[in-house]
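The following paragraphs lead the reader through one protein structure. Please keep the sequence and the model in view while reading.

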Amino acid sequence: MATSNLNFRLATVDDAVPLEKLINAAFRNDDTTQVYLSADHESIDVVSVDSLAAKINQPDCAVLAVTDPTTGSIVAHGSVRKLDDSRAWFAVLAVDVGCQKQGIGGRVLAWAEQYARRQWGSTRLEFDAVNTRAELIAWYKSKGYTPTGETSPFPYEYHGNWQGVLRDDLCFINLGKEIGETPAVTTGTE
């Protein structure tokens with residue numbers, strides 16, 4: 001697949017099923033012990049079709065579907081939502097397992113930054129990452145994001161019978177980055 005020709009578009013409710021499959025497969029692909037205790041974690045879902053459909057319909061939220069123009073299949077996802085007049089929140093970066101390590105994740109993150117600036121005038125983008133995901137946190141740091149010092153509890157209750165599957169020392173750390181001022185809109189009469 002040529003990653004330079006990807007289509008970036010807002011997701012529709014019709015995308016909820018393929019997005020659910022893509023996101024859960026991407027998150028289950030983690031074969032480290034940074035989040036899971038073993039390679040046997042097929043029962044853990046990160047998202048559901050219903051939660052994705054709700055997010056797609058949520059005001060002040062943009063759910064991205066990145067598609068391969070040759071197949072039409074969705075190969076990446078990310079979402080961004082407005083927090084307040086200056087901040088936006090990025091969530092659930094996921095890239096198809098067969099397309100990872102090709103720069104797509106960085107392009108999704110850049111899209112989210114641009115969308116938040118352009119649509120809402122956001123000057124800061126924030127998100128959280130699981131505290132034990134050292135490589136992922138290092139990747140975000142390489143993109144200019146820094147920990148804010150804030151943490152939040154990991155939602156074990158969402159994951160049903162997680163004992164023996166997920167580590168019991170997980171939490172989220174908040175990261176953020178100033179994404180710049182929104183460019184002035186010109187009318188062409190200046």
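**The sheet and the helix beside it**

A129 has I173 of β7 as its bridge partner. This pair belongs to a longer ladder: strands β5 (residues 124-130) and β7 (residues 171-178) run antiparallel and are joined by 7 bridges. Strands here are DSSP runs of E with at least two residues, helices are runs of H or I with at least four residues, and both are numbered from the N terminus. Two strands are said to pair if DSSP finds at least two bridges between them.

The model is predicted, so that local features require a pLDDT of at least 70 and side-chain atom pairs a pLDDT of 80 or more, while totals for chains, interfaces and linings use all residues. Residues are numbered from 1 along each chain as its sequence is written, and side-chain values rest on heavy atoms, with hydrogens and water left out.

Strands β5 and β7 are neighbours in an open sheet of 7 strands, whose order is β1-β2-β3-β4-β5-β7-β6 and whose pairing is mixed. At its edges lie β1 (7-10) and β6 (146-153), each of which pairs on one side only.

The helix α2 (residues 49-57) comes next, and K55 lies in it. Its buried residues are L52, A53 and I56, where buried means under 20% relative accessible area, exposed over 50%, and partly exposed in between, for a 1.4 Å probe and protein chains only. These residues lie on the same side of α2, because they cover an arc of only 100 degrees around the axis; the arc is that of the directions from the helix axis to the C-beta atoms. An α-helix has 3.6 residues a turn, so residues three or four places apart point the same way. The buried residues of α2 pack against α1 (16-28), β2 (61-67) and β3 (74-82).

K55 itself is partly exposed, with a relative accessible area of 25%. Apart from neighbours within four places in sequence, K55 is in contact with C61, V63, S79 and R81, contact meaning heavy atoms within 4.5 Å.

Finally, how far may the model be trusted? The chain averages a pLDDT of 87, and 82% of the residues score at least 70; pLDDT is the predictor's confidence in each residue, from 0 to 100. Over residues 182-190 the pLDDT is below 50, and this stretch has 3 contacts in the model beyond near neighbours in sequence. Where pLDDT is low, the predicted coordinates should not be read in detail.
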